[in-house]
Amino acid sequence: HLKKSRVQFLEFLQHFNTEKAAYTELEQKINAECEGLKEESTRLQDELTMNEDKYAKYKSNVSCLECDLKYCASMSDLEAKVNEQDETLGHLRNKHSQMVIGQEYSAKQQNLFTNLIALLNLKVKSN
């Protein structure tokens, strides 16, 4: 009976060692897989950080472009107002030139009338 128990114990021990070896092998595979996942996680975290940096730069560039667009729009508005004022100033200059010409014409006309009256007075006196 002792021999039979010893044989059963040895069979159990052999089965246990086989199971233990299989468990150890499975544990090593799981540990290797976990290590691979940790490396992948680190790589993905680095990639995420790099993408966040790129996004921050992109967002900053977009913000600068928006500022540039607003500046261009305000400069365009300002240019339109300046052009409008130039046009108004041109009209005012034309009117001023016309007034000066009119005044010069009136002065010359007045001078002609004065000279004509003087001539008529001379003619009247001489007759």
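**Salt bridges, surface and overall form of a one-helix chain**

Lys29 is an exposed residue, with a relative accessible area of 52%, a value that lies above the 50% over which a residue counts as exposed. The description that follows concerns a predicted model, and Lys29 serves as the point of entry into its side-chain contacts. A salt bridge joins Lys29 to Glu25, and the closest N and O atoms of the two side chains are 3.8 Å apart. Because a salt bridge requires the nitrogen and the carboxyl oxygen to lie within 4 Å, the separation of 3.8 Å between Lys29 and Glu25 qualifies. Both residues belong to helix α1, which covers residues 2-126, and they are set 4 residues apart along it, about one turn of the helix. Glu25, the acidic partner, has a relative accessibility of 45% and is therefore classed as partly exposed.

In total, the structure holds 3 salt bridges. Side chains of opposite charge can pair when their charged atoms come close. Arg43 takes part in a salt bridge with Glu40, in which the closest N and O atoms are separated by 2.7 Å; these two residues lie in helix α1 at a spacing of 3 residues, about one turn of the helix. Arg43 also meets the side chain of Glu47 in a salt bridge, with an N to O distance of 2.9 Å, and here the spacing within helix α1 is 4 residues, again about one turn of the helix. Through these shared partners, Glu40, Arg43 and Glu47 are joined into one network of salt bridges. With respect to solvent, Arg43 is partly exposed at a relative accessible area of 41%, while Glu40 is partly exposed at 34% and Glu47 is likewise partly exposed at 34%.

Aromatic contacts were also examined, and the structure holds 1 aromatic pair. This pair is formed by Phe12 and Phe16, whose rings are stacked, with 6.3 Å from centre to centre and 25° between the planes. The pair counts as stacked because its planes are under 30 degrees apart. Phe12 and Phe16 are both in helix α1, where a spacing of 4 residues separates them by about one helical turn. Phe16 is partly exposed, its relative accessibility being 43%. The two phenylalanines also belong to a nonpolar patch on the surface, in which they are accompanied by Phe9, Leu10 and Leu13, and the five residues together offer about 500 Å² of accessible area. Of these patch members, Leu10 lies in helix α1 and is partly exposed, with a relative accessible area of 44%.

As for covalent cross-links, the structure holds 0 disulfides. Cys64 is in no disulfide, and the nearest cysteine sulfur, that of Cys67, is 6.3 Å away. Since a disulfide is counted when two cysteine sulfur atoms lie within 2.5 Å, the distance of 6.3 Å between the sulfurs of Cys67 and Cys64 is too far for a bond. Cys64 is partly exposed, with a relative accessible area of 42%, and Cys67 falls into the partly exposed class at 48% relative accessibility.

The overall form of the chain can be set beside these local features. The secondary structure of the protein chain amounts to 1 helix and 0 strands. The C-alpha atoms fill a box of roughly 185 × 15 × 10 Å along the principal axes, and the radius of gyration of the chain is 53 Å, whereas a compact globule of 127 residues would have a value near 14 Å. Of the 127 residues, 0% count as buried, a class that is confined to residues under 20% relative accessible area. The protein chain exposes about 12,300 Å² in all, and carbon and sulfur atoms supply 60% of that area.

How values were computed. Residues are numbered from 1 along each chain as its sequence is written. This is a predicted model: local features need pLDDT of at least 70, side-chain atom pairs count only at pLDDT 80 or more; totals for chains, interfaces and linings use all residues. Side-chain values use heavy atoms; hydrogens and water are left out. Buried means under 20% relative accessible area, exposed over 50%, partly exposed in between (1.4 Å probe, protein chains only). Rings of Phe, Tyr and Trp (its six-membered ring) pair if their centres lie within 6.5 Å; planes under 30 degrees apart count as stacked, over 60 as edge-to-face and the rest as tilted. The radius of gyration is taken over C-alpha atoms; the globule rule is 2.2 Å times the number of residues to the power 0.38. Accessible areas come from the Shrake-Rupley method with a 1.4 Å probe; for residues, only the protein chains shown count as cover. Patches are made of residues with over 30% relative accessible area and no salt bridge: like charges are joined within 9 Å, nonpolar side chains (Val, Leu, Ile, Met, Phe, Trp, Tyr) within 5 Å.
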